[in-house]
Structures are given as structure tokens and as C-alpha cells.
Amino acid sequence: MIDEFFNKSFFEQEKHDPLPYLADCELIDFVRKELPQKEYMEFEELLNQFAGEVSYYWFDKGVKTMRSMVSELFHMKE
């Protein structure tokens, strides 16, 4: 029941978002062409680190939201 609730309300946008902005990244293509190999690898490392931090931020935010929602569900008065 709880899984059904989350599937219907919380993840709808994520289930249907094709993420076109990640499919063809112009910035990475530009940097790859313009920077020497060593500097490009440093850039790519920083970009991966940034992506990891952003991903963790949204994961953490999602966990806190789910905890809050589940807590409210269990403490609802009938």
C-alpha cells in the first residue's frame, strides 16, 4: 500500500522525465575539443565529483521526504 502511494504521488515526474539534457552534453563536447588532455581529465574529474554531490543531495532530500511522509501516514488519526 505504501509503495503504491509513493508510486502515484512522489515519483511521477521522475518516471516520465526523459532527461534530454543529459543525453547530449554540449559543455563536455566543447571542453573536450578546447582543452589539452590533462586539463580535460581534471575538468572531467571535477564534473564527476560535482555530479556525485548533486546526486547525494537529492538522494538525501528524497530520504528525508519519504521518512516524513511515512511518519505522517503512520500517525494519521482514523
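## Salt bridges

The side chains of D60 and K64 are joined by a salt bridge, with 3.1 Å from N to O. This is a predicted model. Both D60 and K64 belong to helix 5. They sit 4 residues apart, about one turn of the helix. D60 is partly exposed, because its relative accessible area is 24%, and partly exposed covers the range between 20% and 50%.

The count comes to 2 salt bridges. One of them links R32 with D29. Their closest N and O atoms are 3.5 Å apart. R32 and D29 both lie in helix 4, which spans residues 26-34. Here the spacing is 3 residues, about one turn of the helix. R32 has a relative accessible area of 46%, so R32 is partly exposed. D29 is partly exposed too, at 30% relative accessibility.

## An aromatic pair

The count of aromatic pairs is 1. The rings of Y57 and W58 have centres 5.0 Å apart, and their planes meet at 80°, so this pair is edge-to-face. The cut-off for that label is an angle over 60 degrees.

How exposed is W58? Its relative accessibility is 54%, so W58 counts as exposed. Y57 has a relative accessible area of 45%, so Y57 is partly exposed. The cut-off for exposed is over 50%. W58 lies in helix 5, residues 37-74.

## A nonpolar patch

Y57 and W58 also help make a nonpolar patch on the surface. F50 and V54 are the other members. The patch has an area of about 450 Å².

Note on methods: Residues numbered from 1 in each chain as written. Predicted model: local features only at pLDDT ≥ 70, side-chain atom pairs only at ≥ 80, totals over all residues. Heavy atoms only, no water. Phe/Tyr/Trp six-rings, centres within 6.5 Å; stacked < 30°, edge-to-face > 60°. Buried < 20%, exposed > 50% of the residue type's maximum accessible area, 1.4 Å probe, protein only. Patch = residues over 30% accessible without salt bridge, like charges linked within 9 Å, V, L, I, M, F, W, Y side chains within 5 Å. Areas by Shrake-Rupley, 256 points an atom, 1.4 Å probe, with all protein chains shown as cover. Salt bridge = Lys/Arg side-chain N within 4 Å of Asp/Glu carboxyl O. Helix = DSSP H or I, 4+ residues; strand = E, 2+ residues; numbered from the N terminus.
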